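Let's take a walk through this fold, one sheet at a time. Have the viewer open and follow along.

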Amino acid sequence: MISKLRKRVIIYTVVAVALVLVLLMSIINIANYIVRDYRAEEILYYLAENGGDFPMHMKHDHTDDDLPSGKEGGDKPFHSPKDMTEETPFETRFFSLSLKEDGTIKTINTGKIAAVSSSEAAEMANRALAKGKKIGYDGRYKYLIYDDNGEEMFIFLDCSRDMVAINSFLEISLLVSTIGLVAIAIVVVLLSPRMIKPIAESYAKQKEFITNAGHELKTPMTVIKSCTEVIEMQSGETKWTEGIKEQVKKLSDLTTHMVALAKMDEGGDLPMEDVNLSMLVKESLEGFSLEAELQNRVIESNIEDGINVSGNQTLLNELISILADNALKYGAKDKPIKFSLSRNGKKIVLSEENYAEGLSAGKHEEFFDRFYRGDTSHNSETPGSGIGLSMARSIVEAHGGNITAESPDGKRLIITAMI
């Protein structure tokens, strides 16, 4: 159990850190994209203000009053780039043009770009016009369509360097995040024993107490049983002596199960052997058939032959007995109990189904909690300690499997063990 707890601590910590890193890296990269995109937009509006080119003497502070015709109050407020310098005109690659009504070029300025011909510029302008947006992207070019004295003008800005920078920043951030996550995972793995040390110590003391208490209780229970038998020999059996023996047996079984659970929780290697599970299930169910008949019930089985498993035969037999005993104790009277054993790929599936009262549809993981007993079992007529299914789960998990309890319709309970 402690090893599973340690694994969960490691997994949950690493997953939490990974989610935080993903969130942070997403915010940082989106912010980086927005900043660069906004700067490109600023340059486009700056060029638009100056007729599609950088002025000889650049202005750095502008208001809406400086905007060209068509931008007053309609488009977004414009501010020139804060980091614009005298070198910006020489570093920026762009072209501008206006089109005639038939789509041919009227005026064009491609002096600041070498990768686009006049015909390509016209095609790009027509594509931008077809999109119906005043500002957007065409490949690596960001464009702006503006009104220049009643004539639509187009400015295309080459953003390839920004795109390369954005992608590089994304790759670097992913690499750094991955390295950071791996480093954190290593630290968590190394520190996890210290993190769960208080829990491990507390759990060890609890198991030690259960084991010691179980051994200490055996002696007084044996004495009580012996004294009861002596009383019966002298005075005969009475309902009082029968009650004492019944409660002693109940307490003895509970102690045995608690000690067994504590030992299984300690982990360690179980003695494993090749077990014919098909035969084991059939033989185990035969022992419960008589009790089922006394309850006017029948145990129906659908056992696939030839299923072998590497496991502990004693514990597997206990698992089958727990499932059958639980069905007989808490299942609806006069209703059949169904057992099935089959293969599902590499897994072996052992299933028990019985009708029960007071169920709600859905999964019932609470049935595997120690000392849990449903409302229908809280009476003196139904013996049990509520520890059986908890022990069944420990047995299944000790064999590397899992067990579930589910009611598909609120009437039937299906317990499925996969090993």
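Which strands does helix 9 lie across, and at about what angle to strand 12 does it run? Helix 9, residues 388–398, lies across strand 12 (402–407) and strand 13, and its direction is at about 140 degrees to that of strand 12. Before going further, keep in mind that this is a predicted model.

## The mixed sheet

Strands 12 and 13 belong to an open sheet of 6 strands, ordered 7-9-10-13-12-11, and the pairing is mixed. Strand 7 (299–303) and strand 11 (362–363) sit at the edges, each pairing on one side only. On the strand 7 side, 5 bridges tie that strand to strand 9 (residues 337–344), and the two run parallel. If you want a residue pair to click on, Asn302 has Ser340 of strand 9 as its bridge partner.

Helix 8, residues 313–330, packs on this sheet as well. Its contacts are with strand 9, strand 10 (347–355) and strand 13 (412–418). The direction of helix 8 makes about 15 degrees with that of strand 10.

## The antiparallel sheet

Now for the other sheet. This open sheet has 5 strands in the order 2-1-5-4-3, with antiparallel pairing. The edges here are strand 2 (105–109) and strand 3 (135–138), each with pairing on one side only. On average, neighbouring strands of this sheet are turned by 25 degrees against each other, if you ignore direction.

Strand 4 (residues 141–148) and strand 5 (residues 151–158) run antiparallel and are joined by 8 bridges. There are several pairs to look at along this seam: Lys142 has Leu157 of strand 5 as its bridge partner, Tyr146 is partnered by Met153 in strand 5, and Asp147 stands opposite Glu152, also in strand 5.

## Both neighbours of strands 4 and 5

On the other seam of strand 4, 4 bridges connect strand 3 to strand 4, again antiparallel. Tyr137 is the residue opposite Lys142 there, while Lys142 has Leu157 as its partner in strand 5. The hairpin of strands 3 and 4 has 2 residues between the strands. In that hairpin Gly139 takes a positive phi near 65 degrees, so a Ramachandran plot is a handy place to look up this glycine.Strand 5 also pairs with strand 1, in the antiparallel sense and over 5 bridges. Phe94 stands opposite Leu157 of strand 5 in that pairing, and Leu157 is the bridge partner of Lys142 too.

## What covers this sheet

Is strand 4 mostly covered or mostly open? Strand 4 is mostly covered, with 6 of its 8 residues buried.

Two helices pack on the sheet that strand 4 belongs to. Helix 1 (residues 2–49) touches strand 1 (94–99), strand 3, strand 4 and strand 5, and its direction makes about 35 degrees with that of strand 4. Helix 3 (residues 118–131) touches strand 1, strand 2, strand 3, strand 4 and strand 5. The direction of helix 3 makes about 70 degrees with that of strand 1.

## A nonpolar patch on the surface

Last stop: the surface. Val182, Ile186, Val187, Leu190, Leu191 and Met195 make a nonpolar surface patch of about 550 Å². Leu191 lies in helix 4, which covers residues 160–195.

Why does Leu191 count as partly exposed? Because its relative accessible area is 41%, which falls between the 20% and 50% limits for buried and exposed.

How values were computed. Residues numbered from 1 in each chain as written. Predicted model: local features only at pLDDT ≥ 70, side-chain atom pairs only at ≥ 80, totals over all residues. Heavy atoms only, no water. Pairing = 2+ DSSP bridges. Helix = DSSP H or I, 4+ residues; strand = E, 2+ residues; numbered from the N terminus. Contact = heavy atoms within 4.5 Å. Axes fitted to C-alpha atoms, helices over the stretch in contact; angles between N-to-C directions. Patch = residues over 30% accessible without salt bridge, like charges linked within 9 Å, V, L, I, M, F, W, Y side chains within 5 Å. Areas by Shrake-Rupley, 256 points an atom, 1.4 Å probe, with all protein chains shown as cover. Salt bridge = Lys/Arg side-chain N within 4 Å of Asp/Glu carboxyl O. Buried < 20%, exposed > 50% of the residue type's maximum accessible area, 1.4 Å probe, protein only.
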